[in-house]
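This report walks through one protein chain, from its overall make-up to single residues. Keep the structure open while reading.

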Amino acid sequence: MKKITRRSFLTVCGAVAAAAALTACGGSASSAAASSTSTAAGSTASSTAALSGNVATGGSTSMKNVIAALTEGFAEVEPGVTVSYDPTGSGAGITGATDKTLDIGLSSRALKDDEKADVEGTTIALDGIAIIVNNASKVEDLTVDQLKQMFTGEITNWSEVGGNDGEIVLIGREAGSGTRDGFESIVDVKDSCKYAQELTATGAVISAVEANPLAIGYASLSAVGDTVKMVTVGGVECSEETVKDGSYEVQRPFVFVTNKSVTLSEQAQAFFDFATSADAADLIRTAGAVPVNE
């Protein structure tokens, strides 16, 4: 159900107050009050009519699930607004906000100093990526450097990182996956991983690791249950708390990028406000990310 705006509330309250005052003066006044209330209600309905139009977003492919969830939730609030999404990469999202071809650019990395002259970034969520191993594995902790060496084939045996003797089996997502892009970017193994399997779903990665004592993979924090074990990274567990406080290293921000010199359209501002509100927290969490506003 759409929330009553403060403006609507005050307008209706004013009409009701006028009706009450007129009622105290007699029956004919009551009739006039009813007419006044009806007119005010009609005026309110007109002034708070649902928004319409398009909100152009684009950029980060990793934010696909989050944007999809936010768009679906926003449609329940403002069904007349269309939110378009062009998955062209974080750099293109920042450029789109800079050259004003996008209302809201999407970036799965923080803005660089030289990009902040024309645009500003607002973090709406954090992407926490858990490192998972089989429950039978002796390995409890890995460093980012060890992960880099393992996924590029420099370290190939579990005994080199404190596990039992056995060849490491690398499980990852398919090319184009946002989770894969996030993991490879953070660990600095972009396009150089020696995967044994590249799977098309988070659940498939978890199942493959569950079934193989020698496997290691990665998955969004929210998707991991007790069928596999999350290892700590640099001694820090992967949790909403450690992602939020920045102590867990395998994470990155999901950022809305807007142009400093442009006032957002009414519909774009409404979507921005919705996405950065506490109301969107559960949608963001369901999409596999960690909300920052609750």
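Among contacts in the chain between residues at least 6 apart in sequence, what percentage join residues at least 24 apart? The figure is 72%.

## Overall make-up

The model is predicted. Its chain has 294 residues, and 46% of them are buried. The secondary structure comes to ten helices and twelve strands. About 13900 Å² of the chain is exposed. Carbon and sulfur atoms supply 51% of that area.

## Two nonpolar cores

In soluble globular proteins, nonpolar side chains tend to be buried together. Here the largest nonpolar core holds 44 residues. I131, I132, M150, F151, F183 and I216 touch the most other members. Two or more residues each come from β4 (119–133), α5 (144–151), β6 (169–173), α6 (178–187), α7 (202–211) and β8 (215–220). Strand β4 gives the largest share, six residues. A second, separate core has 26 residues, including L51, V55, F74 and V83.

F151 shows how the largest core is knitted together across the sequence. Leaving aside neighbours within four places in sequence, F151 contacts L170, I171, F183, S192, C193, K194, Y195, I216 and Y218. F183 and I216 are also among the core members that touch the most others.

## Helix α6

Helix α6 is largely enclosed by the rest of the structure, because eight of its ten residues are buried. Those residues are G178, T179, R180, D181, G182, F183, E184 and V187. The cover over them includes β4, α5, β6, β7, β8 and β11.

D188 lies in the loop between α6 and β7 (197–199). Its phi is near 65 degrees, a positive value in a residue other than glycine.

## Where α3 meets α9

Helix α3 (residues 64–77) packs against helix α9 (residues 266–275) at an angle of about 115 degrees. Their axes are 10 Å apart. The crossing is right-handed.

Which residues meet here? From α3 come L70, T71, G73, F74 and V77. From α9 come Q267, A270, F271, F274 and A275. The contact divides into seven nonpolar residues, three polar and no charged. F74 of α3 also belongs to the second core.

An α-helix has 3.6 residues a turn, so residues three or four places apart point the same way. The α3 list includes such spacings, with L70, F74 and V77 among the residues in contact.

## Two loop residues

Is K100 buried or exposed? K100 counts as exposed, because its relative accessibility is 53% and the cut-off for exposed is over 50%. K100 sits in the loop between α4 (90–98) and β3 (104–107). Phi of K100 is near 70 degrees, again a positive value in a residue other than glycine.

E249 is found in the loop between α8 (240–244) and β11 (251–259). Its relative accessibility is 45%, so E249 counts as partly exposed. Leaving aside neighbours within four places in sequence, E249 contacts V144, I186, V233 and G234. The C-alpha atoms of E249 and T232 are separated by 9.9 Å. Along the chain, these two residues are 17 apart.

Definitions and conventions
Residues are numbered from 1 along each chain as its sequence is written. This is a predicted model: local features need pLDDT of at least 70, side-chain atom pairs count only at pLDDT 80 or more; totals for chains, interfaces and linings use all residues. Side-chain values use heavy atoms; hydrogens and water are left out. Axes are lines fitted to C-alpha atoms, for helices over the stretch in contact, and angles run from 0 to 180 degrees between N-to-C directions. Helices (H or I, at least four residues) and strands (E, at least two) are DSSP runs, numbered from the N terminus. A crossing is left-handed if the near helix is turned anticlockwise from the far one by less than a right angle, and right-handed if clockwise. Contact means heavy atoms within 4.5 Å. Ala, Val, Leu, Ile, Met, Phe, Trp, Tyr, Cys and Pro count as nonpolar, Asp, Glu, Lys and Arg as charged, and the others, Gly among them, as polar. Buried means under 20% relative accessible area, exposed over 50%, partly exposed in between (1.4 Å probe, protein chains only). Accessible areas come from the Shrake-Rupley method with a 1.4 Å probe; for residues, only the protein chains shown count as cover. A nonpolar core is a set of buried Ala, Val, Leu, Ile, Met, Phe, Trp, Tyr and Cys residues joined through side-chain atoms within 4.5 Å.
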